[in-house]
Amino acid sequence: MSIFVEHPTDWIGIPYFDKGDRWERPEDWARELIEEIVVGQNLPRRNRVSQEQRGIVENIFVMLAKSVEEREASSSYLRLSDWYGPLILVDLRVESRHSAGTISIEDYAGASDPDAIDPPLVEPFVTDSGLVGVRCTRHVVPDPAVPGIIATVEYAWEVDETLVRLRTASYDLIEFEQTLPYVDALATTVYST
């Protein structure tokens, strides 16, 4: 059994990098992706602000691509509204039920997070393919010594003996609320075969 995300066209999947692949390094992928964005948006190449911002966005793409494994993601997806953001990063994690233990699907999505400021909002969530799971939205203080609140939404499903979680988070609470419809649209495309 395999889990897939058929992401909407305004999302970008971060590929795998290896010798012999189309992109052997994240830098190669990010550079080509930036060129595609420039062509697709018909933006001027010599505009100083655009060149500077292109470099910033390219570096962010490289950093996010290099940290997929560190974030323990099975795959990751990006959505860039324009050169100045918002940039949404969503990670998909797929693991066996055995490795996750007896955790409930709600807790797998973060329902019992001890760092949550208020009780998390847990709602049923069904994908377009009919996978039934939950959506958990919460606000957490990641480190009491550092000021800041993170808003996060996680979607979780149990399919046969597999647990699936899709997650995003943001320090910008207003931007988080504005991007939720896009993340919901991505989450509805999760399916299994």
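Reader: What pattern do the helices and strands follow along the sequence?

Author: Reading along the chain, you get β-β-α-α-β-β-α-α-β-β-β-β-α-β. That comes to five helices and nine strands. Keep in mind that this is a predicted model.

Reader: What makes the protein as compact as a globular protein of that length?

Author: Set one value against the other. The radius of gyration is 18 Å, and the globule rule gives 16 Å for 193 residues; the two are close, so the protein counts as compact in that sense. As for its extent, the C-alpha trace spans about 55 × 40 × 30 Å along the principal axes.

Reader: How much of the protein counts as buried?

Author: The cut-off for buried is under 20% relative accessible area, and 42% of the 193 residues count as buried. The protein exposes about 10900 Å², with carbon and sulfur atoms supplying 52% of that.

Reader: Which strands make up the open sheet, and in what order?

Author: Seven strands, in the order 2-3-4-8-7-6-5, with antiparallel pairing.

Reader: Why are strand 2 and strand 5 called edge strands?

Author: Look at their pairing: strand 2 (12–13) and strand 5 (121–126) each pair on one side only. To count as a pair, two strands need at least two bridges between them. Strand 2 and strand 3 have two bridges, in the antiparallel sense. One of the contacts across them puts glycine 13 opposite its bridge partner tyrosine 77 in strand 3.

Reader: How do you know that strand 3 is mostly covered?

Author: Count its residues: six of the six in strand 3 (residues 75–80) are buried. Both faces are covered, with Ser75, Tyr77 and Arg79 on one side and Ser76, Leu78 and Leu80 on the other.

Reader: How many bridges pair strand 3 with strand 4?

Author: Six, and the pairing is antiparallel. Tyrosine 77 turns up again here, with valine 90 as its bridge partner in strand 4. The two strands form a hairpin with six residues between them, and glycine 85 in the turn has a positive phi of about 100°.

Reader: Why is strand 8 called largely enclosed?

Author: Seven of the nine residues of strand 8 (residues 162–170) are buried, so the rest of the structure largely encloses this strand.

Reader: Which strands does strand 8 pair with, and over how many bridges?

Author: Strand 4 (residues 87–96) pairs with strand 8 over six bridges, in the antiparallel sense. There, aspartate 91 stands opposite arginine 167. Strand 7 (residues 150–159) is joined to strand 8 by nine bridges, also running antiparallel. In that pairing alanine 151 faces serine 170. Strand 7 and strand 8 make a hairpin with two residues between the strands, where aspartate 160 takes a positive phi near 55°.

Reader: Why does arginine 138 count as buried?

Author: Its relative accessibility is 7%, and buried means under 20%, so arginine 138 qualifies. This residue sits in strand 6 (residues 132–140).

Reader: Which residues does arginine 138 touch?

Author: Leaving out residues up to four places away in sequence, arginine 138 touches Ala109, Gly110, Asp113, Ala116, Pro120, Ile150, Ala151, Thr152 and Glu154. Take glutamate 154: it is 16 residues from arginine 138 in sequence, yet their C-alpha atoms are 8.8 Å apart.

Reader: What share of the contacts links residues 24 or more positions apart?

Author: Among contacts with a separation of 6 or more, such pairs account for 56%.

Methods. Residues are numbered from 1 along each chain as its sequence is written. This is a predicted model: local features need pLDDT of at least 70, side-chain atom pairs count only at pLDDT 80 or more; totals for chains, interfaces and linings use all residues. Side-chain values use heavy atoms; hydrogens and water are left out. Helices (H or I, at least four residues) and strands (E, at least two) are DSSP runs, numbered from the N terminus. The radius of gyration is taken over C-alpha atoms; the globule rule is 2.2 Å times the number of residues to the power 0.38. Buried means under 20% relative accessible area, exposed over 50%, partly exposed in between (1.4 Å probe, protein chains only). Contact means heavy atoms within 4.5 Å. Accessible areas come from the Shrake-Rupley method with a 1.4 Å probe; for residues, only the protein chains shown count as cover.
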